[in-house]
Amino acid sequence: MSNLKLLGYLILLPFILFASKPKLLLLKVYKDQNISGWVMSEKLDGIRAYWNGKNLISRGGKIIHAPKWFTKNYPPFEIDGELWSKRKDFENISSIVRDKTPSQKWHEIKHYIFEVPNAKGGLFERLEKVKPYEGKYICIIAQKYVKNREDLQTFLKNIEKLGGEGVVVRDPNATYINKRTSKALKVKSFLDAECEVVKILKGKGKYSAIMGSIECKLSNGTLFKIGSGFSDEQRSNPPQIGDVVTFKYKEMTKYGKPRFSVFLRVRE
C-alpha cells in the first residue's frame with residue numbers, strides 16, 4: 001500500500017467506524033403524559049443489540065461476537081431488541097455478551113425484539129415481520145394496551161415487585177423513529193442517570209477492607225456519593241476511576257444532588 005493510500009485510509013477510518021454506529025429509537029421519561037390508546041411492556045435490563053442483517057451491533061456501534069448458531073436463523077432485515085436472560089442478571093448477561101470468544105453460555109440468552117428499524121406501518125405491523133423468525137433465540141416482547149394511568153401504575157408495581165427494572169409505554173400508531181422520541185417513554189418509580197467515578201472510598205465495619213462507596217461527578221460537575229446497590233463481589237472489585245456508572249435515585253435535593261442514589265451498573 002502506497003503512503004498516499006495509507007494516509008487516505010487513516011483519514012477515512014474514524015468516519016468508517018462512526019458510520020457503523022446505528023441510529024436507534026431512544027426513550028424519553030414518562031411525566032404523566034396522556035397515553036390513551038398506547039401499549040406497555042416490561043423494560044428489560046439487558047444489553048441493547050441491533051441486528052443489521054449480518055451482525056449484532058451494540059448501541060455504541062461495536063460488533064457483538066454472538067455464536068454463529070445463535071444468529072443462524074436471523075432475518076435478512078434489521079431488528080432491534082435486548083439480549084436478556086432473566087431479571088437481576090445483568091452482570092451475567094454482560095459477561096456473556098462482552099466475551100470476544102463466544103461461549104456455550106449464550107444458550108442462556110435470548111434476543112427480545114421490540115422494534116424493526118426502517119420498516120413501514122405502526123408498531124404491530126412492523127413486529128409482524130419478525131413472527132416467522134421467532135424461535136429458540138428470537139422472541140417478540142409482549143405488548144399490552146394501557147387502560148388508564150392507574151392500569152399503568154399497577155403494571156409497573158407488579159414488574160418492580162418481581163425484580164424488573166421498569167416499564168416502556170409506546171404509541172403503537174407511530175411510525176419508526178430512529179432518535180429519542182416522546183412517542184416512546186420509560187416509566188420507573190425511581191429515576192436513573194449516569195455519572196463519572198472520581199474516587200473509591202473504603203468502607204467501615206465488615207467493609208473496612210474493601211470499597212464502602214464511590215464518589216461520582218455529574219455532567220454539571222456536582223459531586224456526590226453512592227454507597228448502596230453493590231454486591232460484596234462488586235465491593236471487592238469496584239468500578240475504576242474514570243468509569244461511567246448508571247445509578248437510580250428518587251429525586252434531586254435543593255443542592256442538586258441525587259437523593260437515595262443506588263448503584264445499578266457500569267456503563268459498557
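**Entry 1: β6 and β7**

I started with β6 and β7, which run antiparallel and are joined by five bridges. I keep in mind that this is a predicted model. For one register point I took E82, whose bridge partner in β7 is Y112.

I then asked which strands make up the sheet and in what order. I found six strands in an open sheet, ordered β5-β4-β3-β6-β7-β8, with mixed pairing. At the edges stand β5 (63-64) and β8 (138-140). Each of these has a single partner strand, so one side of each is left without a neighbour in the sheet.

Next I looked for a helix against this sheet. I noted helix α3 (residues 90-98), which lies across β3 (47-51), β5 and β6. Helix α3 runs at about 40 degrees to β3.

**Entry 2: aromatic pairs**

How many aromatic pairs does the structure hold? I got 12. One that I looked up is W84 with Y112, an edge-to-face pair with 5.4 Å centre to centre and 85 degrees between the planes. I was pleased to see that this pair links distant parts of the chain: W84 sits in strand β6 (residues 79-84) and Y112 in strand β7 (residues 110-115), 28 residues apart. Y112 thus turns up twice in my notes, once as the ring facing W84 and once as the bridge partner of E82.

**Entry 3: the five-stranded sheet**

I moved on to another open sheet, this one of five strands in the order β1-β11-β10-β2-β9, again with mixed pairing. Its edge strands are β1 (26-29) and β9 (144-145), each pairing on one side only. I checked how β1 meets its partner: β1 and strand β11 (residues 180-187) pair in the parallel sense over four bridges. In that pairing, K28 has L185 in β11 as its bridge partner.

Which helix packs on this sheet? I noted helix α5 (residues 149-161), which touches β2 (39-43), β9, β10 (166-170) and β11. The direction of α5 makes about 145 degrees with that of β10.

**Entry 4: β12, β15 and β18**

Further along the chain I followed β12 (191-202). β12 pairs with strand β15 (residues 244-249) in the antiparallel sense, over six bridges, and E196 stands opposite V244 in β15. β15 is also joined to β18 by four bridges, and these two run antiparallel. There I wrote down F247, whose bridge partner in β18 is F263.

**Entry 5: the largest pocket**

I turned to the open spaces. How much space lies in the largest pocket? The value is about 1600 Å³. Of the 47 residues lining this pocket, G46, I47, R48, R59 and E82 are the closest to its centre. I was glad to meet E82 again, as the residue I had bridged to Y112 in β7.

β1 gives the most to this lining, with four residues. By class, I have 18 nonpolar, seven polar and 22 charged residues in the lining of the largest pocket.

**Entry 6: the second largest pocket**

For the second largest pocket I noted about 600 Å³ of space. It is lined by 28 residues, and D45, K88, G163, K248 and L264 lie nearest its centre. Where does the largest share of this lining come from? It comes from β18, with four residues. β2, α3, β12 and β18 (262-266) each supply at least two residues. The lining divides into nine nonpolar, six polar and 13 charged residues.

**Entry 7: the enclosed space**

Last, I checked for cavities. I found one cavity of 30 Å³ or more. About 70 Å³ of space lies in the largest cavity. Among the residues lining it are L25, E115, R126, R170, D171 and Y176, and I also listed A174, T175, I177, K183 and A184 there. The lining has five nonpolar, one polar and five charged residues.

Conventions:
Residues are numbered from 1 along each chain as its sequence is written. This is a predicted model: local features need pLDDT of at least 70, side-chain atom pairs count only at pLDDT 80 or more; totals for chains, interfaces and linings use all residues. Side-chain values use heavy atoms; hydrogens and water are left out. On a 1 Å grid over the protein atoms alone, a cavity is a set of points where a 1.4 Å probe fits but cannot get out, and a pocket is an open set with protein on both sides within 12 Å along at least five of seven lines; lining residues have an atom within 4 Å of a point. Grid points are joined across faces, edges and corners, and a volume is the space filled by probe spheres set on the points. Ala, Val, Leu, Ile, Met, Phe, Trp, Tyr, Cys and Pro count as nonpolar, Asp, Glu, Lys and Arg as charged, and the others, Gly among them, as polar. Two strands pair if DSSP finds at least two bridges between them. Contact means heavy atoms within 4.5 Å. Axes are lines fitted to C-alpha atoms, for helices over the stretch in contact, and angles run from 0 to 180 degrees between N-to-C directions. Rings of Phe, Tyr and Trp (its six-membered ring) pair if their centres lie within 6.5 Å; planes under 30 degrees apart count as stacked, over 60 as edge-to-face and the rest as tilted.
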